[in-house]
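Got the viewer open? Get ready to pick residues by number, and we'll go stop by stop.

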Amino acid sequence: MEPEALADLGPGRRRAFFERDAGIDAVRGDVADIVSRVRTEGDAALREFASEFDGVEVGNVDVTDDAERAYEDLGDEHREAIEAAIENVRAFHEAQLPGDWTEDFDGRELGRRFRPIDRVGAYVPGGSAAYPSSAIMTVVPAKVAGVEEVAVVTPPAEEMNPVTLAAIHAAGADVVYAAGGAQAVGALAYGTETVDRVQKIVGPGNKWVTAAKAEVRGNVEIDFLAGPSEVCVLADETADPAAVASDLLAQAEHDPNASVVCVTDSQALADAVCVEVAERLPERERDDVIKEALQGEQSGVLVARSMPEAVLFAEEYAAEHLSIQADGDAELLDRITNAGSVFLGPFTPVAAGDYATGTNHVLPTNATAKVQGGLSVDTFLRATTVQRLDEDALADLRETVTTLADAEGLEAHSASIDARFEE
């Protein structure tokens, strides 16, 4: 990586930062075919795609018992880490639970009540890396919300990752299926002989998973289209270049399409960050994945002419993860509204939130943080409004309602009010 002047970026370079789709559109056609086959062929399609894409011959699609055994066989170190992360995530999400309420508005008793969705499907990635953390982040909030049945899909393998399976069980999943990619999303959306269809699908994934969620949306609800990982580090001259570089490398190891950006008003810091990235990259086990992500058009180290210009970039970028490593970080945060999750200060690495602070790591990408937040208890709840009027309250509203109903030409609406006052 080499520093680039933010003011000198051309239109094409800016589009790479601000209009990142991570290749999702390019696979939409293939994904539609995969989903269609799962919808019509069921388990047979799941097994065929497992063989084709995962190199695995799947016997039982339902691996719920395997997940329970994995938890029972788990070593103390992994068990304690999983339980600690679950405890923190549960506590944070329990604090989000809304309470039912009613209030009296001059005789109009109005209120709101919250009820969970009945059946949810969660996608837990696998493939090139195992993600027990994603099991915790998707299943625990659903259970806190009161979802009756949470089904998890995770990619099959000759030997499925035991820590991921154990985390799925510990988090409270009711059923676990060995299915990955677009085909898993299709199975949750439409059902197969083994997989029961769900009402909502949540969870992160690669471009195939994200494109599949876009494909089935309308037939089933989804959380949002969460693509490959993103981080934007907003830094000034006080930042530790080693810490900034480490955060960039950490998010880059997720996916070759990951977007990693540092924007700073300090040329010296930008130079130092690039040096640190180059020196630390060979030490990372997934250096090939990291290198591809860093070399992509969506990644870079940018030098702004001032901190206000850097803040404007961060606001427009609307990162999944926004790390502010600068003096006066709280004041800088007050000037930013678009971010999935924010990490303040030098001792708040993004990786801490990825696993165990308690906040959720399933977050909006591709600048959709401008219009929505990350996964939460709210994702799994329905809000119903409730109302009761007494006679005086309806009398007070009578003229307002009938006047508006008549203006809309809906005479029966008006008559339904008048009928209550007939002799």
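Helices here are DSSP runs of H or I with at least four residues, strands are runs of E with at least two, and both are numbered from the N terminus. This is a predicted model, with local features needing pLDDT of at least 70 and side-chain atom pairs counted only at pLDDT 80 or more, while totals for chains, interfaces and linings use all residues. Residues are numbered from 1 along each chain as its sequence is written, and side-chain values use heavy atoms, leaving out hydrogens and water.

**Stop 1: helix 3**

Select Phe 49 and Phe 53 in helix 3 (residues 43–54); being four residues apart there, they are separated by about one helical turn. Rings of Phe, Tyr and Trp (its six-membered ring) pair when their centres lie within 6.5 Å; planes under 30 degrees apart are stacked, over 60 edge-to-face, and the rest tilted. A search of the whole structure turns up four such aromatic pairs.

Now select Phe 17 and Phe 313: with ring centres 5.9 Å apart and planes at 80°, this pair is edge-to-face. Phe 17 sits in helix 1 (residues 11–18) and Phe 313 in helix 13 (residues 307–317), so the pair ties together parts that are 296 residues apart in sequence. Back in helix 3, the rings of Phe 49 and Phe 53 have centres 5.5 Å apart and planes at 5°, so they are stacked.

Turn on a surface. Buried means under 20% relative accessible area, exposed over 50%, and partly exposed in between (1.4 Å probe, protein chains only). Phe 49 is buried at 4%, while Phe 53, at 44%, is partly exposed. Phe 17 is buried at 0%, and Phe 313 is buried at 4%.

**Stop 2: around helix 13**

Add Phe 18 and Tyr 317 to your selection: together with Phe 17 and Phe 313 they form one aromatic cluster. Then pick Arg 20, which lies over the face of Tyr 317 at 3.8 Å from the ring centre. (That label needs NZ of Lys or CZ of Arg within 6 Å of the ring centre and within 35 degrees of the ring normal.) Arg 79 lies over the face of Tyr 71 in turn, at 4.5 Å from the ring centre.

How many of the eleven residues of helix 13 are buried? Eight are, so to speak mostly covered; among them are Met 307, Glu 309 and Glu 315. What covers the buried residues includes helix 1, strand 9 (230–235) and helix 14 (329–334), through contacts, meaning heavy atoms within 4.5 Å. Just after the helix comes Ala 318, with a positive phi near 50°.

**Stop 3: the cysteines**

Show the cysteine sulfurs. A disulfide would need two of them within 2.5 Å, and the whole structure has zero. For Cys 232, the closest cysteine sulfur is in Cys 262, 7.7 Å away and too far for a bond.

**Stop 4: the cores**

A nonpolar core is a set of buried Ala, Val, Leu, Ile, Met, Phe, Trp, Tyr and Cys residues joined through side-chain atoms within 4.5 Å. The largest has 44 residues, and those with the most contacts inside it include Ile 82, Val 140 and Phe 380. Helix 6 (132–145) is one of the elements supplying at least two residues, and its eight are the largest share. Finish on Phe 380, whose contacts beyond four places in sequence include Arg 115, Val 202 and Leu 375.
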